[in-house]
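Thanks for asking me to take a look at this one. Could you open the model alongside my comments as you read?

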Amino acid sequence: MASEFPHLQVECGKDGTARADFDGTIYGSEYLSLVKGQSLILLRCDSHDGGWAFGVSGEPGGQRGWFPPSYWKPAAPASPPRPPAPQLAPWQQGMLDDFQGTVQMFIAESGLEDWIGEALELLSEKQKRSVIGPRLRCLAITSSKETVVLSRIRDVASLPQRLAIFGRINNLDSQLVDAIGSQEPAVQEEVMQWPKYCKLVRVVHPNAVVYRRLSDAQKKHCSIEAGACINQSAHAAASSNATHVNPQEHKQLQYRPPQEIVEELTLELLDALRRARRAEEDLAKLRSEVDELRRAKKHDSEGTVHPNAVPMPAMAA
């Protein structure tokens, strides 16, 4: 048995484990026998002990004795306690409860405009549930509830679906919608401007406005790829077939607006010209009145009679 050292307390030691097996019986009864991995508490280790360490094997209250300090490995430091996991607030969770009503009930309860219902009707049942199911807090406090719903639609609907919705809620011509759909996705997104400006508000001629958007988006997209367009044009001019243009490809690449859209644009242009002429006439009249007032003020300051003033009659003798 290992000898007792009652003046040494286990609580003042350092916890650790044995690195390898050690047979202490060959050195004497005061030496510990260790098994790799067993608990070993280091109580003392200094130069006065001839290079030996003193400790306790096993759990507190086990055998005490001497052992080589190189056989002792300190225990890994205890990791600090983890902080409590944060909890999502109700508005962050998104769903306080699920709305189980119809689209019409959702429109009425949320105070949305009727055209939102037209947009929702073009979605599948699963997509509708994803849009109208979660009751978000922001839907009750935002100044643009329709934009919030359109953002939800963007998350669940494909690009062709959103293009169909764009045409429906703005009453666009089917040919114009088809022309937009034949463009690249980036051009389509530029035309629709989803979700903030996809609904045209207080617009008399929506087809004309959307056509302008399409023209601007095509120009912008073409300018981005100007280098590629120039290279392709040069290559086509050098080829023997460059003079022959496929009519079908030309029709797909070049969109010609219908006659009614051209008429709408013409009417808007004529109306703008009339307003500009009236503004110019009003401005000219205003300038004339200002000049007249300036001349009258100048003559009054000089003490002369205003040329337009009626002469005072002479007093009789």
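Here are my points, from the overall fold to the local backbone.

1. A word on the whole chain before the details. This is a predicted model, so please read every value below as computed from it. The protein chain holds 13 helices and five strands. Of its 317 residues, 30% are buried. Among contacts with a separation of 6 or more, 60% join residues that are 24 or more positions apart.

2. The largest nonpolar core is a good place to start. It has 37 residues, and the members touching the most others are Leu 120, Ile 153 and Phe 166. Many helices feed into this core: α2, α3, α4, α6, α7, α8, α9 and α10 each contribute at least two residues. In general, nonpolar side chains in soluble globular proteins tend to be buried together.

3. Which residues does Ile 153 contact, once neighbours within four places in sequence are set aside? The partners are Ala 119, Leu 120, Leu 123, Val 131, Ile 165 and Trp 194. Leu 120, one of these partners, is also among the three core members that touch the most others. Besides this core there is a second, separate one of nine residues, including Ala 18, Phe 22, Leu 32 and Phe 67.

4. Next, have a look at how α2 packs on α3. Their axes come within 10 Å and cross at roughly 150°. An angle over 145 degrees counts as roughly antiparallel, and α2 and α3 are therefore roughly antiparallel to each other. The crossing is right-handed. On the α2 side the contact uses Val 103, Gln 104, Phe 106 and Ile 107, while α3 brings Asp 114, Ile 116, Gly 117, Leu 120 and Glu 121. By class, that makes five nonpolar, two polar and two charged residues.

5. α3 also meets α7. Here the axes come within 9 Å, with a crossing angle of roughly 145°, and the crossing is again right-handed. Trp 115, Glu 118 and Ala 119 of α3 touch Ile 165, Arg 168 and Ile 169 of α7. This contact has four nonpolar and two charged residues, with no polar ones.

6. Staying with α7, you may like to check its buried residues. They are Leu 159, Arg 162, Leu 163, Ile 165, Phe 166, Gly 167 and Ile 169, so a charged residue, Arg 162, is on the list. Just after this helix, Asn 171 takes a positive phi of about 55°.

7. The loop between α9 and α10 deserves a careful look at the backbone. Most residues other than glycine have a negative phi, and most peptide bonds are trans. In this loop, which contains Pro 195, the peptide bond joining Trp 194 and Pro 195 is cis, with omega about 0°. Gln 193 belongs to the loop as well and has a positive phi of about 55°, although it is not a glycine. Its relative accessibility is 30%, so Gln 193 counts as partly exposed.

8. One more residue in that loop is worth a visit. Where does Arg 202 lie? It sits in the loop between α9 and α10, and its phi is near 55°, a positive value in a residue other than glycine. Is Arg 202 exposed or buried? With 80% relative accessibility, Arg 202 counts as exposed.

Terms used:
Residues numbered from 1 in each chain as written. Predicted model: local features only at pLDDT ≥ 70, side-chain atom pairs only at ≥ 80, totals over all residues. Heavy atoms only, no water. Core = buried A, V, L, I, M, F, W, Y, C linked by side-chain atoms within 4.5 Å. Buried < 20%, exposed > 50% of the residue type's maximum accessible area, 1.4 Å probe, protein only. Helix = DSSP H or I, 4+ residues; strand = E, 2+ residues; numbered from the N terminus. Contact = heavy atoms within 4.5 Å. Axes fitted to C-alpha atoms, helices over the stretch in contact; angles between N-to-C directions. Parallel < 35°, antiparallel > 145°, perpendicular 65-115°, else oblique. Left-handed = near helix turned anticlockwise from the far one by under 90°.
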